[in-house]
Amino acid sequence: MIDLHLDVQRASRCTDLPSDDSIHTWVAAALSGRRDTAELAVRIVDEEESRQLNSQYRGKDKPTNVLSFPAELPEDLDLPLLGDLVICAPVVAQEAEQQRKAPSAHWAHMVVHGTLHLLGYDHIEDTDAEVMEKLEAGLLAGLGFADPYAPAEELKE
């Protein structure tokens, strides 16, 4: 069992947000077997805050689904601080609808995805993306969710 200290901050006007318990479960799944103890914050925001942070830190002047800010600690400082996730609730909701996914499935994916980034996983190179996507799919399956990278089923008319 992981010793997880999680600070969930809600700075969004959206009301259909996952519970703190769900977020805790998703973070813990991503950390399982990778960290024994961790401390992180998950901040849920609206478009403007996401856009500002994405512009400042990534040079992209638009909101995005999840931003990961790994803690940058000196090597000799032994703290469990992992970092911060900033998740844009309206973007997650819009993507879930566009991708024909249940909102909870997409939220779980964004939390797992962001947590893996905090652990150092990346998807810039194709080979790294394959590793990360396979790991995400396995973690989400263990949580009862479908593969987030599988093609969306066509809507039946």
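In this predicted model, helix 3 and helix 4 cross in a right-handed sense. Their contact brings together Ala89, Val92, Glu95 and Ala96 from helix 3 with Pro103, His106, Trp107 and Met110 from helix 4. Helix 4 also packs with helix 1 and crosses helix 5, and it is one of the elements that help line the largest pocket. Here is a friendly tour, one topic at a time.

**Helix 3 with helix 4**
- Helix 3 covers residues 89–98 and helix 4 covers residues 103–118; their axes come within 9 Å and cross at roughly 125°.
- Angles over 145 degrees would count as roughly antiparallel and 65 to 115 as roughly perpendicular, so this pair is oblique.
- Sorted by class, the residues of this contact are six nonpolar, one polar and one charged.

**Helix 1 with helix 4**
- Helix 1, residues 20–31, packs with helix 4 at an angle of about 45°, and the two axes are 9 Å apart.
- That angle makes helix 1 oblique to helix 4.
- The handedness of this crossing is right-handed.
- On the helix 1 side you will find Ile23, Trp26, Val27, Ala30 and Leu31, and they meet Ser104, Trp107, Ala108, Val111, Val112, Thr115 and Leu116 of helix 4.
- This contact divides into ten nonpolar and two polar residues, with no charged ones.

**Helix 4 with helix 5**
- Helix 5 spans residues 126–142, and its axis comes within 10 Å of that of helix 4, with a crossing of roughly 130°.
- Helix 4 is therefore oblique to helix 5.
- Here too the crossing is right-handed.
- Helix 4 contributes Ala108, His109, Val112, His113, Leu116 and His117, while helix 5 contributes Met132, Leu135, Glu136, Leu139 and Leu140.
- By class, seven residues of this contact are nonpolar, three are polar and one is charged.

**Residues of helix 4 that recur**
- Trp107 takes part in the contact with helix 3 and in the one with helix 1.
- Ala108, Val112 and Leu116 meet helix 1 and also belong to the contact with helix 5.
- His117 belongs to the contact with helix 5 and is among the residues nearest the centre of the largest pocket.

**The largest pocket**
- The largest pocket holds about 490 Å³ of space.
- Its lining has 21 residues, and those nearest its centre are Arg58, Val66, Ser68, His117 and His123.
- Helix 2 (47–58), strand 3 (66–70) and helix 4 are the elements that each give two or more residues to this lining.
- By class, the lining of the largest pocket is made up of ten nonpolar, eight polar and three charged residues.

Note on methods. Residues are numbered from 1 along each chain as its sequence is written. This is a predicted model: local features need pLDDT of at least 70, side-chain atom pairs count only at pLDDT 80 or more; totals for chains, interfaces and linings use all residues. Side-chain values use heavy atoms; hydrogens and water are left out. Axes are lines fitted to C-alpha atoms, for helices over the stretch in contact, and angles run from 0 to 180 degrees between N-to-C directions. Helices (H or I, at least four residues) and strands (E, at least two) are DSSP runs, numbered from the N terminus. Angles under 35 degrees count as roughly parallel, over 145 as roughly antiparallel, 65 to 115 as roughly perpendicular and the rest as oblique. A crossing is left-handed if the near helix is turned anticlockwise from the far one by less than a right angle, and right-handed if clockwise. Contact means heavy atoms within 4.5 Å. Ala, Val, Leu, Ile, Met, Phe, Trp, Tyr, Cys and Pro count as nonpolar, Asp, Glu, Lys and Arg as charged, and the others, Gly among them, as polar. On a 1 Å grid over the protein atoms alone, a cavity is a set of points where a 1.4 Å probe fits but cannot get out, and a pocket is an open set with protein on both sides within 12 Å along at least five of seven lines; lining residues have an atom within 4 Å of a point. Grid points are joined across faces, edges and corners, and a volume is the space filled by probe spheres set on the points.
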